[in-house]
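Dear colleague,

I am handing over the structure below, followed by notes on a helix pair and a sheet.

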Amino acid sequence: MMKTRISTEWLSGCSGCHIAIVDLHEKLLNLIDDVEFVRIPVLMDEKEYPEADVGIVEGAIRSEHDRKCLLRMRETCKTLVAFGTCAVYGGPSGIGWLYGKDTILNKIYKDTVTATDDGKLPEGAPELEQSVIPLNEVVDIDFYIPGCPPHPYFIALSIKTLLGASVPEISIKTVCSACKRRMEKREGVKLQRGMSTASEEDICLLSQGIICLGSVTLDRCQAQCPNKGVACAGCAGPSIDIITEPHLDIRTLIAKRMSLLTGIDRIEILDYMEKEAKTFYSYAISSPIIYKKPTVEIREWAGN
Amino acid sequence: MIKITIDEDACVGCELCVDECPTDVFEFNEEKLLPKVVREKECFGCLSCSEICPASAITHEDIIYSEEYYHDNENLALASRLAVDVPLPNTPSDDAHKKAALDDLGIRLLSVASIFRQTLGGSLPAVGTMAGRTLATQLPRYRIPESFKEALDIAVRQFTPAWDIKPDYDGSSKLEIKVKSCFIRELCKTEGIELGGDLCVLFYNYMAGYIGKLANARLKLTESCPGSKECKYDIEVFVK
């Protein structure tokens, strides 16, 4: 049997998604029989782009170099997968979308007190793009696997699908569906600002007054954070409702649910989330799915 | 009939669906801490339970989405590639249904226009303008148009395909709008009504009001020439 050729590439990201593939552990060994990695930057030094059946791209586009690499990947791979939240939605570095190229370069090389060299920009580095760009803005993507990084469970499922071994039903539910905590209606709960962890076991963080993005986030993680008492940061990007319906948004949905559960004023939650928009929208800030929504004004909320 | 399924593994027992449902379809089982579908036939497919459910545990079968453009098609395409089982809206595309609906709408519009004319008399154009302005504030828009030209493009896009509108803007104050095929023209033809009647007055003021509010400009209709091949409106534009 011909082995399936997999080529991976790593753009503006943290390499966490590549490490997540290695996290398949012994499952990786089963995979090796059917798969040949022709290019994988964490493991081998391959400068060229060999022809491959499946291309897996991690990270967003931040520089011209990233853009060229992505175009080469599209040319050489039959199926291209946007792997991880950065590739699908821009990820945390997407915060660059708020400011634009010149503001960032000036801030770092000219306006900062410690800047030397008379504010000269470094030479020889690839030109920065105006903003952080998710992959599907530049090329056609065949499959999206968000997650920061995607849980090995979902990676294994997706790879099986790609190899054509089976067509598993991949869940499109939210993080809450995998969370073991129980949502409970309460009275007299106060909104907890800043980073806080759950004080009670088995009770939903929203019921305890902590803003947890579990209910507006796609489950690609099996709810690891909320199950351990840490609020969901929304790392796998918005849920299917938010993606498909223009009038639904992260902050409005959270505020609605939380005020129904705890009796905290909806406006108070909305105001807080707008003030902390860089935190609550951090993973999908540079995706048009979020910034094109009529109700989202992140640039205004961030004060520029 | 609509069939509702609750994924009991996913459910987090928040009871929000029980509170949200306008027709009391659900009841909460205090022992199991799960909601139960008790009056399924009362469901009319508003999907508020599905929207409020934090775990997206509620799915409906055999529902008809109310509007075709309710969903963002670009994002729907993306969503379908996130996983294999994304439900796509099954809007009816039956031509006979559409025609019947349009005929019905046409008769209603004509009678509304004539009632307005009888009760309001000369204030009829103002009603059209106000309606257009209200619509401009209520339709969701991705961003505020930066120039008058851009607002015009958005308006034309939103009026197509029911209206074939060709605006001709000279860049300063003169705007000429040519309407070739139009829902109202066809309506007038089938009903045997002369062009330029009450409904036309309502419509072209409505359009001017809409474009004006969208572009933050004041539009003054100077001349309207309904014709057998196309209607032509001359509009003076005061960009603020």
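In chain A, the residues A:Arg251, A:Ile254, A:Ala255, A:Lys256, A:Met258 and A:Ser259 of α9(A) meet A:Arg266, A:Ile269, A:Leu270, A:Met273 and A:Glu274 of α10(A), where contact means that C-beta atoms, placed from the backbone, lie within 7 Å. These residues comprise six nonpolar, one polar and four charged, with Ala, Val, Leu, Ile, Met, Phe, Trp, Tyr, Cys and Pro counted as nonpolar, Asp, Glu, Lys and Arg as charged, and the others, Gly among them, as polar. Helices α9 (residues 250-262) and α10 (residues 266-275) of chain A pack at about 145°, their axes 9 Å apart; axes are lines fitted to C-alpha atoms, for helices over the stretch in contact, and angles run from 0 to 180 degrees between N-to-C directions.

The model is predicted, so that local features need pLDDT of at least 70 and side-chain atom pairs count only at pLDDT 80 or more, while totals for chains, interfaces and linings use all residues. Residues are numbered from 1 along each chain as its sequence is written, and chains are lettered from A and ligands numbered from 1 in the order in which they are written.

In chain B, an open sheet of four strands follows the order β5-β6-β8-β7 with antiparallel pairing (pairing requires at least two DSSP bridges between strands; helices, H or I of at least four residues, and strands, E of at least two, are DSSP runs numbered from the N terminus). Because β5 (163-169) and β7 (217-225) of chain B are at the edges with a single partner strand each, one side of each lacks a neighbour in the sheet. Eight bridges join β7(B) to the antiparallel β8(B), residues 231-239, and B:Ser224 lies opposite B:Tyr233 in β8(B).

Best regards

Notes:
Contact = placed C-beta atoms within 7 Å.
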